Amino acid sequence: GESWLVELSDGGEIVQAPQLTEVPLTRPWFAGIANVRGNLHSVTDFSAFLGGPQTPRNANTRLLLIGTRHGSNAALLVSRMLGLKNPEDFVPADADEQLPAWGRQRFSDVHGGMWHKLSVRELLADPEFMNIGT
């Protein structure tokens, strides 16, 4: 139910969500392991990680491979991707202090919609994100 922006350089590859292999004794938001062209990626259900419902698995569901640039095979399971956006269509908005540093920055678009900006480097450094065990 939220919109997020990711820098193109941080976004990595976007792939249709493959079948995931569940991993026992992990947190509910850890969706499992995905094999993407022979490389294993740990997959976090981004909605569930944020405290929302689990991401529905359908034709729109995507994996955003966020970690490759930063030396990690981390991926986010998201409900859909809207494609490239023009940075000139966004203006800074007040920060969302309820989120950790990796998601506080917000922008408003030309239609009045609110978007969070995902700081991938900070998310990958967040101990909560990296601690998948129960």
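Select H41 in strand β4, which spans residues 39-45. This is a predicted model. Is H41 buried or exposed? H41 is buried, because its relative accessible area is 5%, and the cut-off for buried is under 20%.

Now show what surrounds H41. Leaving aside residues up to four places away in sequence, H41 touches G32, I33, A34 and V36. H41 also touches L65, T68, N73, A74 and A75.

**The open sheet**

Next, select β1, β9, β8 and β7. These four strands form an open sheet in that order, with mixed pairing. Look at the two edges: β1 and β7 (90-93) stand there, each with a single partner strand, so one side of each has no neighbour in the sheet. On average, neighbouring strands of this sheet are turned by 40° against each other, direction ignored.

Zoom in on β8, residues 106-109. How many bridges join β8 to β9? There are three, and the two strands run antiparallel. Pick F107 and look across: W115 in β9 stands opposite. Keep W115 selected for the next stop.

**The largest pocket**

Which residues lie nearest the centre of the largest pocket? They are S3, W4, L5, V6 and W115. So W115 ties two stops together, because β9, the strand paired with β8 through three antiparallel bridges, carries W115 opposite F107. Colour the full lining next: 41 residues line this pocket. The space inside is about 1200 Å³.

Step through the elements that supply at least two lining residues each: β1 (3-6), α1 (8-11), α2 (46-49), β6 (74-78) and β9 (114-118). Then colour by class. The lining has 22 nonpolar, 13 polar and six charged residues.

**The second largest pocket**

Move to the second largest pocket, with about 170 Å³ of space. Select its lining in two groups. One group is E22, V23, T26, R27, P28 and F30. The other is A31, G32, D45, Q54, T55 and R57. G32 has come up before, as one of the residues that H41 touches.

Which strand gives the most to this lining? Strand β3, residues 30-36, does, with three residues. Colour by class once more: the lining has four nonpolar, four polar and four charged residues.

Methods. Residues are numbered from 1 along each chain as its sequence is written. This is a predicted model: local features need pLDDT of at least 70, side-chain atom pairs count only at pLDDT 80 or more; totals for chains, interfaces and linings use all residues. Side-chain values use heavy atoms; hydrogens and water are left out. On a 1 Å grid over the protein atoms alone, a cavity is a set of points where a 1.4 Å probe fits but cannot get out, and a pocket is an open set with protein on both sides within 12 Å along at least five of seven lines; lining residues have an atom within 4 Å of a point. Grid points are joined across faces, edges and corners, and a volume is the space filled by probe spheres set on the points. Ala, Val, Leu, Ile, Met, Phe, Trp, Tyr, Cys and Pro count as nonpolar, Asp, Glu, Lys and Arg as charged, and the others, Gly among them, as polar. Two strands pair if DSSP finds at least two bridges between them. Axes are lines fitted to C-alpha atoms, for helices over the stretch in contact, and angles run from 0 to 180 degrees between N-to-C directions. Buried means under 20% relative accessible area, exposed over 50%, partly exposed in between (1.4 Å probe, protein chains only). Contact means heavy atoms within 4.5 Å.
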